[in-house]
Amino acid sequence: MTWGPFAWVVIGETFPLRTRARQASLATASNWLGNFMISFLTPFADSGIGYGFGFVFFGTNAVAAVIVYFFLYETKNLALEQVDVMYSQRELKPWQSSKWSPEGYLDRNTRDPAYWEQRRGSVIDEPVDDEKAYRKDS
């Protein structure tokens, strides 16, 4: 098992909005360099250690699984702005991030109707004098 296309999803979602372009370009370059190194060195390693090369892949995948569990946040069903808010909360740990829900939501899939009614009501309840609002001379 490898990262495959999941690396591109992680690159697109894990960086803060203000620095996303620079960090994504560095991560993409690192990904390409790593892929090149693996494809270049695999024939040499395979000829040197034979079937033991499978243990190398097993070991790196086991280490990657541990790193993902302890350091990668769950961003399923979140907008990029919500991911940015989630990353800014220092008390939230990556292994607890799947239970996090943004403000105004009961869980990641369900909006809190009371919260959104309250927000909508504050804008709608203020009376607007249409004649004054659109008159240019006042």
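So, Ile67. In this predicted model, Ile67 comes out at 44% relative accessibility, which means we call it partly exposed, since buried would need under 20% and exposed over 50%. Where does Ile67 sit? You'll find Ile67 in helix H3, and that helix covers residues 53-71.

Ile67 has company out there. It belongs to a nonpolar patch on the surface, together with Val63, Val66, Tyr69, Phe70, Phe71 and Trp95. Add up the accessible area of that patch and you get about 730 Å². For the protein chain as a whole, the accessible surface is about 11100 Å², and carbon and sulfur atoms account for 63% of that.

Okay, let me zoom out for a second. How many helices and strands are there in the protein chain? We have 6 helices and 0 strands, so to speak a plain string of alphas: α-α-α-α-α-α when you read along the sequence. The protein chain has 138 residues, and 17% of them are buried. As for contacts, take the ones with a separation of 6 or more: 36% of those are between residues 24 or more positions apart.

Now to the inside. Which residues make up the largest nonpolar core? That would be Leu78, Val83, Met86, Leu92 and Trp100, 5 residues in all.

Two of those names, Val83 and Met86, take us to helix H4, where they are buried along with Gln82. Look down the axis of H4 and these buried residues fall within an arc of 105°, so they line one face of the helix. On the other side of H4 we have Glu81 and Ser88, and those are exposed. And what covers the buried residues of H4? Helix H1, residues 6-13, is included in that cover.

Let me stay with Val83 for a moment. Leaving out residues up to four places away in sequence, Val83 touches Glu13, Thr75 and Leu78.

Thr75 is worth clicking on too. Thr75 is in the loop between H3 and helix H4, the latter being residues 80-88. Is Thr75 buried or exposed? At 12% relative accessibility, Thr75 counts as buried. With the same sequence neighbours left out, up to four places away, Thr75 touches Glu13, Val83, Met86, Tyr87 and Arg108.

Same loop, another residue: Asn77 also lies between H3 and H4. Here the backbone is what I'd point at. Most residues other than glycine have a negative phi. Asn77 is not a glycine, and yet it has a positive phi of about 65°. With a relative accessible area of 43%, Asn77 is partly exposed.

Last stop, back in helix H1, with Ala7. Ala7 has a relative accessible area of 15%, so it goes down as buried. Ala7 and Thr28 are 21 residues apart along the chain, and their C-alpha atoms are separated by 9.1 Å.

To pull it together: Ile67 is part of a nonpolar patch on the surface, the buried residues of H4 line one face of that helix, and H1 is among the elements covering them. In the loop between H3 and H4, we've got Thr75, which is buried, and Asn77 with its positive phi. That's my tour, happy to rotate the model if anyone wants another look.

Note on methods
Residues numbered from 1 in each chain as written. Predicted model: local features only at pLDDT ≥ 70, side-chain atom pairs only at ≥ 80, totals over all residues. Heavy atoms only, no water. Patch = residues over 30% accessible without salt bridge, like charges linked within 9 Å, V, L, I, M, F, W, Y side chains within 5 Å. Areas by Shrake-Rupley, 256 points an atom, 1.4 Å probe, with all protein chains shown as cover. Salt bridge = Lys/Arg side-chain N within 4 Å of Asp/Glu carboxyl O. Helix = DSSP H or I, 4+ residues; strand = E, 2+ residues; numbered from the N terminus. Buried < 20%, exposed > 50% of the residue type's maximum accessible area, 1.4 Å probe, protein only. Core = buried A, V, L, I, M, F, W, Y, C linked by side-chain atoms within 4.5 Å. Contact = heavy atoms within 4.5 Å. Arc of directions from axis to C-beta.
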